Amino acid sequence: MEQDKDRLSINVAKLYYESDMSQQKIANELGISRPSVSRLLQYAKEHGFVQIRIIDPTERGLSLADELCKKYNLKTVRIANVPLNKNDEIKKAIGLKAAEYLYEIVKDNDIIGMGWGSSLYQMALHLKSKPVKKVQVVQLKGGISYSKLNTYAHEIITLVAKAFSTTGIFLPIPVMFDNTEVKRLVEQDKYVKNILDMGRRANIAVVTVGPASDESILFHLGYYINENDRELLSQKAAGDLCSRFYDDNGKIVDEELNNRTAGIQLDEFQKKETRILVAGSKEKLRAIHAALKAGYMNVLITDQYTALALKEMN
């Protein structure tokens with residue numbers, strides 16, 4: 001008798017869960033009442049004939065975030081769920097997630113150092129106003145371009161400063177000079193020096209990374225990077241962080257090029273309390289991995305595709 005009930009409950013469960021039949025239709029087919037079907041389904045669950053597993057993407061995201069925190073020794077990872085694995089969609093999603101995180105953590109008297117780029121521009125566009133006092137927002141690297149490509153440097157500083165009821169502090173120089181002597185003279189200017197010093201004092205840094213390939217915006221802004229430099233970067237560099245090119249171990253690749261670059265140095269990031277990397281996409285994967293491995297960042301805002309790929313990287 002018990003075996004008959006087991007067999008009947010399994011048959012009912014298969015019709016209900018695998019054949020998508022309604023309880024009433026099962027009752028009609030088997031010549032039993034609909035309440036009997038309901039009881040048999042419950043019996044099947046209680047006896048382990050049916051096991052229901054719920055996949056919660058939010059819980060998976062939290063688990064994946066925890067894994068990346070442990071892997072790269074980060075204090076926070078936020079993962080945006082992107083409907084399509086396309087760069088424009090990734091930038092919008094991680095920009096929104098970064099805006100939410102920055103809004104959460106900013107408090108009175110913070111100094112926020114900002115990089116530039118399209119992902120950070122998306123963040124700035126989505127940043128909500130927060131009533132805080134004496135917050136300062138400063139540009140971490142030069143942002144003047146010699147081409148029509150937009151770095152969004154001015155827009156980012158303006159929007160972030162507006163959200164925190166302050167006035168943005170701009171660094172009105174190129175990020176890369178033709179030679180070190182010109183850069184040294186410009187950095188001696190009192191106004192420029194004060195801005196660079198404020199960037200070093202910033203307790204929060206919000207930046208992105210770029211690939212060391214033709215997709216790098218730095219190669220298209222009109223800065224002087226000769227063919228030898230480009231070849232060296234394409235062969236040895238993992239990417240750039242605040243326009244400073246580094247290898248897979250986080251070491252500067254081209255000292256001459258680095259000496260011509262204006263803004264925060266890589267080792268200065270590690271002195272900051274909160275270093276937020278906002279980045280995603282297959283093209284930036286190597287750059288993200290190397291920057292995290294080197295310990296330059298302690299907060300990562302990315303998308304689920306990039307997060308899963310980072311999890312698998314050695």
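These legends walk through several close-up views of a predicted model.

**View 1. The largest nonpolar core and the residues that hold the most contacts in it.**
Welcome to the largest nonpolar core, a group of 46 residues. The members that touch the most others are Leu102, Ile112, Met114, Val160, Phe164, Val206 and Ile276. Helices and strands both contribute: α5 (87-105), α6 (118-126) and α7 (153-163) each give two or more residues, as do β2 (111-114), β5 (204-207), β9 (274-278) and β10 (299-303). Helix α5 provides the largest share, with seven residues.

**View 2. Valine 206 and its neighbours.**
Here we zoom in on one of the members of that core that touch the most others, Val206. Which residues does valine 206 touch, leaving aside those up to four places away in sequence? Its contacts are Leu102, Ile112, Gly113, Met114, Gly115, Leu120, Met123, Ile276 and Val278. A second core, separate from the largest one, has 32 residues, including Ala65, Cys69, Val207 and Ile288.

**View 3. Helix α13, largely enclosed.**
Helix α13 covers residues 285-293, and seven of its nine residues are buried, so the rest of the structure largely encloses it. The buried residues are Leu285, Ala287, Ile288, His289, Ala290, Ala291 and Leu292. One of them, Ile288, also belongs to the second core of 32 residues. Just look past the helix for glycine 295, which follows α13 and has a positive phi, near 85°.

**View 4. An open sheet of three strands, with α13 lying across it.**
The strand order in this open sheet is β6-β7-β8, with antiparallel pairing. Strands β6 (209-211) and β8 (244-246) are at the edges and have a single partner strand each, so one side of each lacks a neighbour in the sheet. From one strand to the next, the twist averages 35°. Three bridges link β6 to β7 (residues 239-241) in the antiparallel sense, and glycine 210 sits opposite aspartate 240 in β7. Helix α13 lies across β6, β7 and β8, and runs at about 135° to β6.

**View 5. Strand β1 beside β10.**
Is strand β1 (residues 76-80) largely enclosed or largely open? Four of its five residues are buried, so the rest of the structure largely encloses β1. The strand runs parallel to β10, and five bridges join the two. Alanine 80 has aspartate 303 in β10 as its bridge partner. Strand β10 (299-303) also appears among the elements that give two or more residues to the largest core.

**View 6. Helices α2 and α3 crossing.**
The axes of α2 (residues 23-30) and α3 (residues 34-46) come within 8 Å and cross at roughly 105°. Angles of 65 to 115 degrees count as roughly perpendicular, and α2 and α3 are therefore roughly perpendicular to each other. On the α2 side, Gln23, Gln24, Ile26 and Ala27 take part, meeting Arg34, Val37, Ser38 and Leu41 of α3. By type, this contact holds four nonpolar, three polar and one charged residue.

**View 7. Lysine 282 in its loop.**
Our last stop is lysine 282, found in the loop between β9 and α13. Is this lysine buried or exposed? Lysine 282 has a relative accessible area of 70%, so it is exposed, the cut-off for exposed being over 50%. Although 27 residues separate lysine 282 from alanine 309 in sequence, their C-alpha atoms are 8.4 Å apart in space.

Note on methods
Residues numbered from 1 in each chain as written. Predicted model: local features only at pLDDT ≥ 70, side-chain atom pairs only at ≥ 80, totals over all residues. Heavy atoms only, no water. Core = buried A, V, L, I, M, F, W, Y, C linked by side-chain atoms within 4.5 Å. Buried < 20%, exposed > 50% of the residue type's maximum accessible area, 1.4 Å probe, protein only. Contact = heavy atoms within 4.5 Å. Axes fitted to C-alpha atoms, helices over the stretch in contact; angles between N-to-C directions. Parallel < 35°, antiparallel > 145°, perpendicular 65-115°, else oblique. Nonpolar A, V, L, I, M, F, W, Y, C, P; charged D, E, K, R; others polar. Pairing = 2+ DSSP bridges.
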